[in-house]
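The following exercises concern a ligand site and a sheet. Please work through each task before reading its solution.

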Amino acid sequence: MSSTIRHEEARSLVRQLFRGFHGGSQKVDLRSMLFHLTFNIMMGMVSGKRCFGEGAVDVEVGQRFLEILKETSVIVPSMLMSLCDFLPILRWVGFQGMEKKIVSLKKKRDDFLQDLIDDERRKRQIKSSTTITEAEKKKTIIGALLPIQEAEPEHYSDDIIKGIILLMFTAGTDTSLLTMEWAMSLLLNHPETLEKARAEINDNVEQGRLLSDSDLAKLPYLRCIINETLRLYPAAPLLVPHVSSQDSTLGEYHVPCGTMLLVNARAIHRDPKVWVEPTKFRPERFEGVDGEREGFKFMPFGLGRRGCPGAGLAMRVVALVLGALIQCFEWERVREEMVDMTEGGNGLTMPKAKPLEAMYRPRPTMVKLLSQL
Ligand code: HEM
């Protein structure tokens, strides 16, 4: 199911680019297109709804989520590392009215997620009067969780289900989108790497067919590009704050129980003691390497028990979309100058400071396929 959604969204993206192309070389705002794609994939997996782009029928749901996301992006970073953590006295006064804002945002988010669950529940009730197969019931994540709730209501309350889907949205959309945007920016600044990736796709995917999930194992260089992107521009540069559950010793440091720990993955990924030419974009460094494990110096998804459970999904989404964009279109920078790689964000995630725009045109060999999608 999730593979069908990914494939449909990748198709829809290249179709939309093709239909929006009017000759010559055309400019596109890639960030907003990639956001719609990652959100559609996640929402499709969670609830079967499609909120953005051609043929979207759940546009209102998408708009509602955008509002919530906008508020979250302002509040959450300051909440995670607020002055209250360092000056506990401020907790008594509720620093900058933060608490009120959090409570209001929580209610909006809660209502939104509850509506998704209730919607699925209603659909199941309507369908239960007709015949409904097991496969149909489990088509979405909410659809798969509701029967478990019926069997174990004390463990799978609506609140738990809401927590699961909220985490998927917050942890899974922005991170994948930012990684694709950084990767495309790096490729625009390194056209020779873009060409090498295209040659790999040409050699391994028959002409006249859009690449799919099953091709990804044959595209190791594409994977190296994604790893190198995650090394230089990890979407979560400080991973996620953790708290030590007991007194520990870390190197020469004593870490008392209850200490907040931040791991600076971005700094580790660029440490000249463990990487050769650490600031250079060189995907070849990952050739033949199990990058995720080697020496624990590469950790874009964190490590261990609390490492990212969505890493496999993220790698597939990013590879499929990047591969489809490279396979179908020629890409160039908008201006002769290099794409500006300044990092923005607030510490929690690391977007490009300036959204990526690029020039594109369909590859002549792909026009027939693109016009049939
Ligand atoms: C390129 C994309 C992604 C990156 C770079 C990324 C990175 C991370 C990182 C660094 C962490 C914290 C790990 C730690 O603290 O040790 C994390 C946690 C998490 N990620 Fe991802 N992630 C990505 C995509 C996804 C996707 C697609 C999903 C879900 C569908 C997801 C779900 C989660 C969840 C649920 C957690 C919390 C795990 C826990 O606290 O135990 N992530 N991710």
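**Exercise 1: The ligand shell**

In this predicted model, 23 residues surround the ligand, the closest being Thr179, His242, Pro300, Arg306 and Cys308; a residue counts as near a molecule if one of its heavy atoms lies within 4 Å of it. Residues are numbered from 1 along each chain as its sequence is written, and side-chain values use heavy atoms, with hydrogens and water left out. Because the model is predicted, local features need pLDDT of at least 70 and side-chain atom pairs count only at pLDDT 80 or more, whereas totals for chains, interfaces and linings use all residues.

Task: Determine how the residues of the shell divide by class, and which element gives the most to the shell.

Solution.
- Step 1. The shell holds 15 nonpolar, 7 polar and 1 charged residues. Here Ala, Val, Leu, Ile, Met, Phe, Trp, Tyr, Cys and Pro count as nonpolar, Asp, Glu, Lys and Arg as charged, and the others, Gly among them, as polar.
- Step 2. H9 contributes the most, with 4 residues. Helices (H or I, at least four residues) and strands (E, at least two) are DSSP runs numbered from the N terminus.

**Exercise 2: Contacts of the ligand**

Task: Identify the protein donor to the iron atom, and state which residues place polar atoms opposite oxygen atoms of the ligand.

Solution.
- Step 1. Cys308 (SG), 2.3 Å away, is the single protein donor to the iron atom of the ligand. Donors are N, O and S atoms within 2.8 Å of the metal (3.2 Å for Na, K and Ca); water is not among the atoms, so sites may look incomplete.
- Step 2. Cys308 is located in the loop between helix H13 (265-269) and H14.
- Step 3. Polar side-chain atoms of His242 and Arg306 each lie by an oxygen atom of the ligand, at 2.6 Å for His242 and 2.7 Å for Arg306.
- Step 4. From the backbone, a polar atom of Ala171 is 3.4 Å from a nitrogen atom of the ligand.

**Exercise 3: The sheet**

Task: Give the strand order of the open sheet and explain why one side of S1 and of S6 lacks a neighbour.

Solution.
- Step 1. The order of the 3 strands is S1-S7-S6, with antiparallel pairing; two strands pair if DSSP finds at least two bridges between them.
- Step 2. S1 (26-29) and S6 (329-332) stand at the edges with a single partner strand each, so one side of each has no neighbour in the sheet.
- Step 3. S1 pairs with S7 (residues 357-362) over 4 bridges, and Lys27 stands opposite Met359 in S7.

How values were computed
Polar contact = N/O pair within 3.5 Å; in protein donor to acceptor, adjacent residues only side chain to side chain.
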